[in-house]
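Reader: Before we discuss the ligand site and the sheet, could you show me the structure and then begin with the criterion on which your polar contacts rest?

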Amino acid sequence: MARVTVDAQAARAIEKGAMIVFKKGVVKTEGDFKPGDVVEVYTRGGRFLGKGFVNPDSNIMIRLVTKDRDTRINKELFRERIRKANEYRKKVLGYDRAYRMVYGEADYLPGLIVDRFNEIASIQISSVGMERFKLDVAEAIMEAEPEIETVFEKNTGRSRRREGLPEVERVLLGKEKYRTIIREGKARFIVDMRGQKTGFFLDQRENRIALEKYIRPGMRVLDVFSYTGGFAIHAAVAGAEEVVAVDKSPWAIDMVKENAKLNGVSDRMRYIVGSAFGVMEEMIRKGEKFDVVILDPPAFVQHEKDLKRGLRAYFNINYSGLQLVKDGGILVTASCSQHVDMQAFKDMIIAASAKAGKFLKLLEPYRTQAPDHPILMASKDTEYLKALFLYVEDMK
Ligand code: SAH
């Protein structure tokens, strides 16, 4: 097996819990390897650190699979880890039929995401190493959870391209099926695997449910970046009088309409296909006000180097959103950018509120991603979602 030697900084990171090695941390390679092969990782002094998948074409050059010398990296290992990951969701977290079954390195399965929606599992693979085990993974999912009849591969997007993997979107194993209806709190949602990411954003589940308790009859609610209506449908189901869903994707807005019908709330919904920035500016010009505004944008910061520009985008969106909340209303604001930590996110919202002339009170403890997207304490990379529930008052 080929050997890779890493510098002191990369070695320290691994010893502290990191499971990835960046290209810049590699000082020497010995033996031949192709992208996706398994290599052993050593310190300069020759101490064994672990083994994992290598991809010399990727900035993340090694994804460790194990730190144990004797553990063999094969389909039995992955089958066992998938079984354990599923059991954690069901037995410890108490999820039932719709949950993230595997969350990459947090489940020691680097480059593998599995979302389960009833009888369908939607998977995303973003490392060449894991790609080789794709069919074994699909079989293991069905074995771990016999109710699953379809494994859909949603292998598209930036992370695939970055690893030099082809983009595919199709049923990989089992019945040809793309849609199912899941339950979430008091709401129900159609999940279509052909939508964005795995089809549905399970990470905001608990935050969407948390919104329900703040909704009173008669309220006007604005859900910006609504996707298929996650927050909007919960607000309507909880009794809001009027809910406006805004998304730039016409497909997403059509799905909000379908979900509204499914939940019997169509009469209280309005829809806008358009860019959030322009739509909100127009609303501010018209003097519109809402009891609750939800802002759940896509990740504005994809790379560390985009931090400044991304924070500006969060600032602009939140500054607009705050102006649309009435005095004594609520702002729910989120960021799914891993590079924006809670402190940076708080600093951004404080600056936006100062400019908008608003006082903010924290309504809920700081919120993050749902527990079926586990945060591995030793790995900063696994923590990404921040959500704040804020009570908004005019500074007068
Ligand atoms: N809140 C949703 C998830 C939002 S995902 C839920 O709970 O399910 C982010 C959404 O923002 C996507 O649907 C995407 O189409 C939309 N989006 C991205 N850029 C946008 C823009 N500039 N204006 C409006 N919508 C945008």
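Author: A polar contact is a pair of N or O atoms within 3.5 Å. Please keep in mind that this is a predicted model.

Reader: What makes the pair between D247 and the ligand a polar contact?

Author: A polar side-chain atom of D247 lies 2.7 Å from an oxygen atom of the ligand, and the limit is 3.5 Å, so the pair counts as a polar contact. A polar backbone atom of K248 is 3.1 Å from a nitrogen atom of the ligand, while for S275 an N or O atom of the side chain is 3.5 Å from a ligand nitrogen atom. The protein covers 92% of the 580 Å² of accessible area that the ligand has on its own.

Reader: Which residues around the ligand are the closest, and how does the shell divide by character?

Author: Of the 16 residues that surround the ligand, the closest are Q196, R208, D247, A276 and D296. The shell comprises six nonpolar, six polar and four charged residues.

Reader: Why are β17 and β18 called paired strands?

Author: Two strands pair if DSSP finds at least two bridges between them, and β17 (residues 290-295) and β18 (residues 325-335) share five bridges in the parallel sense, so they are called paired. V293, for instance, has L331 in β18 as its bridge partner.

Reader: What makes β16 and β19 edge strands?

Author: In the open, mixed sheet, seven strands follow the order β16-β15-β14-β17-β18-β20-β19, and β16 (269-273) and β19 (358-362) each pair on one side only. From one strand to the next, the twist averages 20°.

How values were computed
Residues numbered from 1 in each chain as written. Predicted model: local features only at pLDDT ≥ 70, side-chain atom pairs only at ≥ 80, totals over all residues. Heavy atoms only, no water. Near = heavy atom within 4 Å. Polar contact = N/O pair within 3.5 Å; in protein donor to acceptor, adjacent residues only side chain to side chain. Areas by Shrake-Rupley, 256 points an atom, 1.4 Å probe, with all protein chains shown as cover. Nonpolar A, V, L, I, M, F, W, Y, C, P; charged D, E, K, R; others polar. Helix = DSSP H or I, 4+ residues; strand = E, 2+ residues; numbered from the N terminus. Axes fitted to C-alpha atoms, helices over the stretch in contact; angles between N-to-C directions.
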